[in-house]
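Visitor: I would like a close look at a single part of this model, the ligand site. Please describe what surrounds the ligand, and then the sheets of the protein.

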Amino acid sequence: MGVNEHVDLNGFVEGVKRRNPGQPEFVQAVQEVAEDIFDFMGDKVKYHEAQILRRIAEPDRVVSFRVCWADDKGNIRVQRGWRVQNNNAIGPYKGGIRFHPSVTESVLKFLAFEQTFKNALTGLPMGGGKGGSNFNPKGKSVNEIMRFCQSFMTELYRHIGADVDVPAGDIGVGGREIGFMFGQYKRITNHFTGVLTGKGLEWGGSLIRTEATGYGAVYFLQNMLTAKGMDVAGKTAVISGSGNVATHAAEKIVQLGGKVLTLSDSEGFIHDPDGISQEKIDWVKELKNVRRGRISEYVNEFKGASFHGGGARPWGVACDLALPCATQNELNGEEARTLLKNGCIAVAEGANMPTDLDGVHIFKAAKILYAPGKASNAGGVAVSGLEMSQNSARMSWKEEELQEMLRDIMRGIHDRCLEYGGQGGGYTDYVKGANIAGFKKVADAMLAFGVV
Ligand code: NDP
């Protein structure tokens, strides 16, 4: 043992709280990981001595900047932008950009921290980062979105690069916004490189990137069910959100013979007891991506469905499978209990940290199949990693090849979780498995670098 004080879990969490005042989401994410890692590190002095967890929980850097833009009426608007570069021990920083009024430094630090473990789990060489702004894209014209994206990139460009930091989309940032940002990057630097992922197919994008997070989450769910001799076919699923991740998770559930009962947005959820078919999912995609409408409009189009407003969440609808695919902390302890009471057997997180700490403890205690986002939603960043490889080699893989690679990667993540999360008696703690497998890879690389 070196001279460093060997703190226990409580001391560590208290220190994180003290050093990060007013950042509850970040503290929550670190605490969830620390609970498992302290267990794992118990007899491994090298990680304690090198203060590895403490170092991963201190971002390499947080860049914060002003983003000015003019709205259509000529008013000058001022937003804040950030890029959190958490850790690049195993590859360039990699993680999405989020545009949402709820974005704060705390939210982006939690996402960048989680991303570090998730990216390690994929087996691809990617570090962890995340960025965004408190800009609200809702109700803005296309020109306003373009001007904002250009202004955001006018500062961000100096902090990123194909071998430095490669952002992608997230909440509020889809193909359109990536296009505006890539255009501005190219205009400023005169470089056509793979500096962003989630690009259009004509300008360096990868097939199946759009579908990858939602599809990957269902592949992970399928792996968990298969390990127990079960299947998605014939099961009912409750899904939250109606964006990129939610609609593609719904699509894959339907393709595998399951029945999707709900979708939601921040105003409430729709419940369709007849099941949300592929045709209905296509209608929702058009509603959200083209008309930029609200999920409540679903009930005008499809009879038999009901809308539950006031920000209601879908977890009270009885189901076999639950997939939270909207945002952080959208499923609390009470809702976790309701899901269990109604017979839910498996939860796969499409969103990042959608279940709060209470809910996580309840799912773990009930020993159901519960996949944390850092494992089950890693399909998106995995295909982003494949987009980076295609850009470097200036080539593109076929759709079937990429589908197979995505399935393989999700199976690999599942197996890594089994390796470190097996608890005996046939129960796998997937949260623990994901945390330890992700930590070990990053930690061992950091040990090799010495004190940096
Ligand atoms: P989108 O912007 O496409 O969709 C987000 C959905 O979540 C919308 O339906 C939105 O409703 C809803 N939502 C957002 N904020 C809230 C809130 N505070 N309360 C209730 N509902 C909310 O984003 P994505 O589908 O890309 O992302 C969803 C989640 O998946 C996020 O946690 C993201 O970090 C995670 N993720 C995404 C990946 C990707 O590849 N896109 C990769 C890995 C994880 P509304 O329109 O009303 O805001």
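Guide: The model is predicted. Helix H8 (209-227), helix H9 (244-255) and strand E7 (259-265) each supply at least two residues of the shell around the ligand. In total, 26 residues surround the ligand. The closest of these are Asp170, Thr213, Ser266, Arg294 and Asn352. Sorted by class, the shell has 13 polar, eight charged and five nonpolar residues.

Polar contacts come next. The side chain of aspartate 170 places an N or O atom 2.6 Å from an oxygen atom of the ligand. For lysine 138, an N or O atom of the side chain is 3.0 Å from a ligand oxygen. Serine 242 takes part through its backbone: a backbone N or O atom of this residue lies 2.9 Å from an oxygen atom of the ligand. The ligand taken alone exposes 890 Å², and the protein buries 84% of that area.

Where does the ligand lie with respect to domain 1 and domain 2? Domain 1 (61-193) and domain 2 (211-371) both give residues to the shell, so the ligand lies between them.

Now the sheets. One is an open sheet of seven strands with mixed pairing, in the order E9-E8-E7-E6-E10-E11-E12. Its edge strands are E9 (306-308) and E12 (369-371), each of which pairs on one side only. On average, neighbouring strands of this sheet are turned by 15° against each other, direction ignored. Strand E7, which supplies at least two residues of the ligand shell, stands between E8 and E6 in the strand order. Strand E8 (residues 268-271) pairs with E9 in the antiparallel sense over three bridges. In this part of the sheet, histidine 271 stands opposite serine 306 in E9.

The other sheet described here is also open and has mixed pairing; its five strands have the order E1-E2-E4-E3-E5. E1 and strand E5 (165-168) are the edge strands, each pairing on one side only. Here the neighbouring strands are turned by 20° against each other on average, again with direction ignored.

Within the five-stranded sheet, strand E1 (residues 61-70) and strand E2 (residues 76-87) pair in the antiparallel sense over ten bridges. Arginine 61 stands opposite glutamine 85 in E2. The two strands E1 and E2 form a hairpin with five residues between them. Glycine 74, in the turn of that hairpin, has a positive phi of about 90°. Strand E3 (residues 93-99) and strand E4 (residues 128-133) instead pair in the parallel sense, over three bridges. Arginine 98 stands opposite glycine 132 in E4.

For reading side chains along these strands, one general point applies: in a regular strand, side chains alternate between the two faces of the sheet.

To return to the site, the ligand lies between domain 1 and domain 2, and the protein buries 84% of the area that the ligand exposes when taken alone.

Conventions: Residues are numbered from 1 along each chain as its sequence is written. This is a predicted model: local features need pLDDT of at least 70, side-chain atom pairs count only at pLDDT 80 or more; totals for chains, interfaces and linings use all residues. Side-chain values use heavy atoms; hydrogens and water are left out. A residue is near a molecule or strand if one of its heavy atoms lies within 4 Å of it. A polar contact is a pair of N or O atoms within 3.5 Å; within protein, one must be able to donate a hydrogen and the other to accept it, and residues adjacent in sequence count only if both atoms are side-chain atoms. Accessible areas come from the Shrake-Rupley method with a 1.4 Å probe; for residues, only the protein chains shown count as cover. Helices (H or I, at least four residues) and strands (E, at least two) are DSSP runs, numbered from the N terminus. Ala, Val, Leu, Ile, Met, Phe, Trp, Tyr, Cys and Pro count as nonpolar, Asp, Glu, Lys and Arg as charged, and the others, Gly among them, as polar. Domain bounds come from an automatic or database domain assignment. Two strands pair if DSSP finds at least two bridges between them. Axes are lines fitted to C-alpha atoms, for helices over the stretch in contact, and angles run from 0 to 180 degrees between N-to-C directions.
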